[in-house]
Amino acid sequence: MIDAKEARQRLIDGNLKYLCADTAKGDVSPALRRDTALNGQHPYAIIITCSDSRVIPESIFSAGIGELFVIRVAGNVIDDHQLGSIEYAADHLGTKLIVVLGHTGCGAVDAAIKGHAGGFIDSIIRDISLAIGDETDAFRASCLNVGHGVEVIRRELEIHPVHDPEGLVVAGAIYHIDDGRVEFLDYITE
C-alpha cells in the first residue's frame, strides 16, 4: 500500500503522460483482469468527479484496471452515497488519497450560477449553489465547489487536514477540458 504523497505524485505523473498521449496508457491486459479478479482491487487513489463524459479519470491519470476507485456524480457533489463509497475504499481497500476532481466547463456549476434547476437535478444545484455563493466566474465557482466537497469529506469522515492518524489525505483538483491538464488546488491540499 502506498501513502497519500506517493499516490498524489502518481496522479501528477500519469496526467503528464496523458497530456502527450494519443491513446490510453493504463494497463487493461487480460493478465491484470485475471489478477484483480483473483486477488481483488488495490486502488492507490479515490477520485470523486463529475459524470461529464469528457472527464475520464482512468485516462486523465494514465491508470489501468484496479488503480483508481472512481465515484462519479454530476457536479462532483458529496452526499451520503459518495461518503459511503469513500469510506469503503479507505477502510476496506486501504486507499490513502481522496481527490475531489472538478473540471472547467461544468454544466452543473453553470446551472447553479444561472439559477437553473428542476426535477431531481435540483438537489445537485442546491448543493453547488451553497458551495459557490454569489460567484459568477465559472472557473472560480468550480474551484469553490471542489473546496466545498473537500471540506464535506473532511468534516463528515473526521479527517484532519494536516495529519490524520490513518494517513488519509483529501485533496482538490481541477481538470482543464481544453488541454487535459490537472491542476491540484494547493489551498485545499495542505
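The expected span of a helix is 1.5 Å times one less than its number of residues. Keep that rule handy for the first stop.

Before you click, note that this is a predicted model: local features need pLDDT of at least 70, side-chain atom pairs count only at pLDDT 80 or more, and totals for chains, interfaces and linings use all residues. Residues are numbered from 1 along each chain as its sequence is written, and side-chain values use heavy atoms, with hydrogens and water left out.

**Stop 1: helix α1**

Select residues 4-19, which make up helix α1. (Helices, H or I with at least four residues, and strands, E with at least two, are DSSP runs numbered from the N terminus.) At 1.5 Å a residue, these 16 residues should span 22 Å, and the end C-alpha atoms are 23 Å apart, which agrees.

Now colour A4, A7, L11, G14 and N15, the buried residues of α1. Buried means under 20% relative accessible area, exposed over 50%, and partly exposed in between, using a 1.4 Å probe and protein chains only. Why do they sit on the same side of α1? Because they cover an arc of only 100° around the axis; the arc is that of the directions from the helix axis to the C-beta atoms. Swing round to the other side of α1 and you'll find K5, L16 and K17 exposed.

What do the buried residues of α1 pack against? Show β1 (45-49), α3 (57-60), β2 (68-72), β3 (97-103), β4 (169-175) and β5 (182-184) to see their partners. Contact here means heavy atoms within 4.5 Å.

Then zoom in on D3, which caps the N-terminal end of α1: one of its side-chain oxygens lies 3.3 Å from the backbone nitrogen of K5. (A polar contact is a pair of N or O atoms within 3.5 Å; within protein, one must be able to donate a hydrogen and the other to accept it, and residues adjacent in sequence count only if both atoms are side-chain atoms.)

**Stop 2: the sheet**

Switch to a cartoon view and pick out the strands. Five of them form an open sheet with mixed pairing, in the order β2-β1-β3-β4-β5. The edge strands, β2 and β5, each pair on one side only. Two strands pair if DSSP finds at least two bridges between them. From one strand to the next, the twist averages 25°.

Follow β1 and β2: they run parallel and are joined by five bridges. For a spot to click, T49 stands opposite R72 in β2.

Bring α1 back into view. This helix packs on the sheet, touching β1, β2, β3, β4 and β5, and its direction makes about 35° with that of β3. Next show helix α4 (residues 80-93), which also packs on the sheet: α4 touches β1, β2 and β3, and its direction makes about 170° with that of β2. For these angles, axes are lines fitted to C-alpha atoms, for helices over the stretch in contact, and angles run from 0 to 180 degrees between N-to-C directions.

**Stop 3: two residues on α4**

Stay on α4 and select Q82. Is Q82 buried or exposed? Q82 is buried, with a relative accessible area of 8%. Not counting residues up to four places away in sequence, Q82 touches I71, V73 and V77.

Move along α4 to Y88. At 37% relative accessibility, Y88 counts as partly exposed. Leaving aside neighbours within four places in sequence, Y88 is in contact with Q41, F69 and L93. Take Q41: Y88 and Q41 are 47 residues apart in sequence and 12 Å apart in space, C-alpha to C-alpha.

**Stop 4: unusual backbone angles**

Most residues other than glycine have a negative phi. Now click S62, in the loop between α3 and β2. S62 is not a glycine, yet its phi is positive, near 50°. At 13% relative accessibility, S62 counts as buried.

Then select N76, in the loop between β2 and α4. N76 has a positive phi of about 40° although it is not a glycine, and at 2% relative accessibility it counts as buried.

**Stop 5: helix α5**

Finish by selecting residues 107-114, helix α5, and colouring its buried residues: A108, V109, A111 and A112. They cover an arc of only 160° around the axis, which puts them on the same side of α5. What covers them? Among the covering elements are α6 (121-132) and α7 (138-156). Right after α5 comes G115, whose phi is positive, near 80°.
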